[in-house]
Amino acid sequence: MIYSENDPEQEASLHTELEQRRVNLVNGRKEFFNASLQEIEQIVKRKKSDIEFIRLAESRDYRESLAIIRNSEIPPETDAKHTLLDKFPENI
């Protein structure tokens, strides 16, 4: 997670820098790039050194969800998706 006063500007700058490493060449709205967190941090800090780069986000909802799954009858992550999807129809 990167904290910035001007997120759209920061994002556009990062996308410009990583354009040659775009993963989806067909749909430009798919914003995935082949870059490590270390590379992203270096690019961001080179452009603005006082940016706060947070490597481990709080992710409270995610961690609470994992705890619920662990303490329920739902199987571990690999099977949880299939178990939940089996309860719902493919089409409505």
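Okay, let's start with a cut-off: a residue is buried under 20% relative accessible area, exposed over 50%, and partly exposed in between. Hang on to that, because K47, at 45% relative accessibility, falls in that middle range and counts as partly exposed. We'll come back to K47 in a minute.

So, what are we looking at? This is a predicted model. The mean pLDDT of the chain is 78, and 77% of the residues reach 70 or more. The confidence isn't even along the chain, though. Of its elements, helix α1, residues 7-18, has the highest mean pLDDT, 88, while helix α4, residues 77-86, has the lowest, 53. Where pLDDT is low, you shouldn't read the predicted coordinates in detail. I'll spend my time on α1 and α2 today.

Now the overall layout. There are four helices and two strands, and if you walk along the sequence, you meet them in the order β-α-α-β-α-α. The chain has 92 residues, and 17% of them are buried. About 8100 Å² of the chain is exposed, with 52% of that coming from carbon and sulfur atoms. And if you take the contacts between residues at least 6 apart in sequence, 35% of them join residues at least 24 apart.

Let's zoom in on α1. This helix has 12 residues and spans 16 Å from its first C-alpha to its last, close to the 16 Å you'd expect at 1.5 Å a residue. Which residues of α1 are buried? They're Q10, L14, H15 and L18. These sit on the same side of α1, because they cover an arc of only 130° around the axis. Here's the general idea behind that: an α-helix has 3.6 residues a turn, so residues three or four places apart point the same way. Flip over to the other side of α1 and you find P8, E9 and T16, which are exposed. And what do the buried residues of α1 pack against? The answer is α2.

That brings us to salt bridges. How many are there? The count is five, and I'll show you some of them.

Take R46 and E17: they form a salt bridge, with the closest N and O atoms 3.3 Å apart. This one links distant parts of the chain, since R46 is in helix α2, residues 37-47, E17 is in helix α1, and the two are 29 residues apart. R46 is exposed, at a relative accessible area of 56%, whereas E17 is partly exposed, at 33%.

And here's K47 again, as promised. Its side chain meets that of E17 in a salt bridge too, at 3.4 Å from N to O. Again the pair links distant parts of the chain, with K47 in α2 and E17 in α1, 30 residues apart.

Then there's a pair within one helix. K45 and E41 form a salt bridge at 3.1 Å, N to O. Both lie in helix α2, four residues apart, which is about one turn of the helix. Is E41 buried or exposed? E41 counts as buried, because its relative accessibility is 16% and the cut-off is under 20%. Its partner K45 is partly exposed, at 36%.

One last thing to look for on screen: salt bridges that share partners join E17, R46 and K47 into one network. So when you rotate the model, find E17 in α1, then look across to R46 and K47 in α2. That's it from me!

Note on methods
Residues are numbered from 1 along each chain as its sequence is written. This is a predicted model: local features need pLDDT of at least 70, side-chain atom pairs count only at pLDDT 80 or more; totals for chains, interfaces and linings use all residues. Side-chain values use heavy atoms; hydrogens and water are left out. pLDDT is the predictor's confidence in each residue, from 0 to 100. Buried means under 20% relative accessible area, exposed over 50%, partly exposed in between (1.4 Å probe, protein chains only). Contact means heavy atoms within 4.5 Å. Accessible areas come from the Shrake-Rupley method with a 1.4 Å probe; for residues, only the protein chains shown count as cover. A salt bridge is a side-chain nitrogen of Lys or Arg within 4 Å of a carboxyl oxygen of Asp or Glu. The expected span of a helix is 1.5 Å times one less than its number of residues. The arc is that of the directions from the helix axis to the C-beta atoms.
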